[in-house]
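Let's take a walk through this structure together, starting with its open space and then moving out to the helices, cysteines and loops.

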Amino acid sequence: MKRALIFCWSESDRYPCEIREGDYIICADSGFKYAERLGVKPDILLGDFDSYSAVGNEAENVITLPTEKDDTDAMYAAKVAMAKGFDEIILAGGIGGREDHTKGAVSVLKFIRKKCKGFISDGYTRVDVVKANDELVIPYDRSIRYISVFPCGCKTVGVTLKNMKYELDNYTIRDDFPIGVSNEQLEGKDSVITCRKGGLEVYTVKE
């Protein structure tokens, strides 16, 4: 199954990832501005358009959502992508700027990861969610400055970080002690991140 990319608000001028032929593009409200800067045309444009007008923008479908609703525009877009059967959903943007919006985007990613592959990226920072007994491999990249790891919830048990400057082995990370902040890759080695119970938020920050 081909991927779905959900463009959200972003001030980034970088591509969130390599955009492939056949990727299904959903723009959530002002995420259209991010896609427009990159020359990416949406298949669906949706939102309540409280901060951006859909008038005059080309898309195969425009879905206007109510301003007062439980789902954020990004969450609604994720549900649309999942209903269409995509097994990988990438949030393009949605991080940086307002911290509450970043938190909201990470919450949407956690929802996506219950059933699908996916991550968040604005080309500068990538956010992954690692589920229990899964393995995240981050290929060595000279442009990566930091990798930070946080628990999903109060604590995450059995955290192992390999091929990193500060390694952990079967460690319990808690949300009141940020031991996972600002780690680094070892020269020429792919970083490997796993956990046994709970989950992890992993932030990969590039130069």
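To talk about pockets, we need a grid: on a 1 Å grid over the protein atoms alone, a cavity is a set of points where a 1.4 Å probe fits but cannot get out, while a pocket is an open set with protein on both sides within 12 Å along at least five of seven lines, and lining residues have an atom within 4 Å of a point. Grid points are joined across faces, edges and corners, and a volume is the space filled by probe spheres set on those points. By that recipe, the largest pocket holds about 510 Å³ of space. Its lining counts 20 residues, and the ones closest to the centre are Trp9, Thr72, Asp73, Ala74 and His101. Two elements, α2 and α3, give two or more residues to the lining, and α3 gives the most, with five residues. Helices here are DSSP runs of H or I with at least four residues, strands are runs of E with at least two, and both are numbered from the N terminus.

What sort of residues line the largest pocket, by class? There are six nonpolar, seven polar and seven charged ones. For that tally, Ala, Val, Leu, Ile, Met, Phe, Trp, Tyr, Cys and Pro count as nonpolar, Asp, Glu, Lys and Arg as charged, and the others, Gly among them, as polar.

A quick word on ground rules. This is a predicted model, where local features need pLDDT of at least 70 and side-chain atom pairs count only at pLDDT 80 or more, though totals for chains, interfaces and linings use all residues. Residues are numbered from 1 along each chain as its sequence is written, and side-chain values use heavy atoms, with hydrogens and water left out.

Now step back to the whole chain. Its secondary structure comes to three helices and 13 strands. The radius of gyration, taken over C-alpha atoms, is 17 Å, which agrees with the value near 17 Å for a compact globule of 207 residues (the globule rule is 2.2 Å times the number of residues to the power 0.38). Along the principal axes, the C-alpha atoms fill a box of roughly 55 × 35 × 35 Å. Buried residues (under 20% relative accessible area, against over 50% for exposed and in between for partly exposed, using a 1.4 Å probe and protein chains only) make up 48% of the chain. Among contacts (heavy atoms within 4.5 Å) with a separation of 6 or more, 59% join residues 24 or more positions apart.

Back to α2, residues 73-83, where the buried residues are Asp73, Ala74, Met75, Ala77, Ala78, Val80 and Ala81. What covers them? The cover includes strands β1 (4-7), β2 (24-28), β3 (44-47) and β5 (88-92), plus helix α3 (99-112). After α2 comes Gly85, with a positive phi near 90°. Over in α3 you'll find Gly104, which is partly exposed at 29% relative accessibility.

How many disulfides does the structure hold? Zero, where a disulfide would be a pair of cysteine sulfur atoms within 2.5 Å. The sulfur of Cys8 has its closest cysteine sulfur in Cys27, 9.1 Å away, so the two are too far apart for a bond. Cys8 is buried at 7% relative accessibility, and Cys27 is buried too, at 0%.

Next, some backbone oddities. Most residues other than glycine have a negative phi. Asn170 is not a glycine, yet has a positive phi of about 55°; Asn170 sits in strand β11 (residues 168-174) and is partly exposed at 44%. Ser182 also has a positive phi, near 60°. You'll find Ser182 in the loop between β11 and β12 (191-194), partly exposed at 30%.

That loop also holds Val181, partly exposed at 37%. Val181 touches Ser148 and Phe150, leaving aside residues up to four places away in sequence. Its C-alpha is 6.1 Å from that of Val149, although their positions lie 32 residues apart along the chain.

Last stop: Asn133, in the loop between β7 (125-131) and β8 (135-138). Buried or exposed? Asn133 is exposed, at 64% relative accessibility. With the same sequence neighbours left aside, Asn133 touches Cys195 and Arg196.
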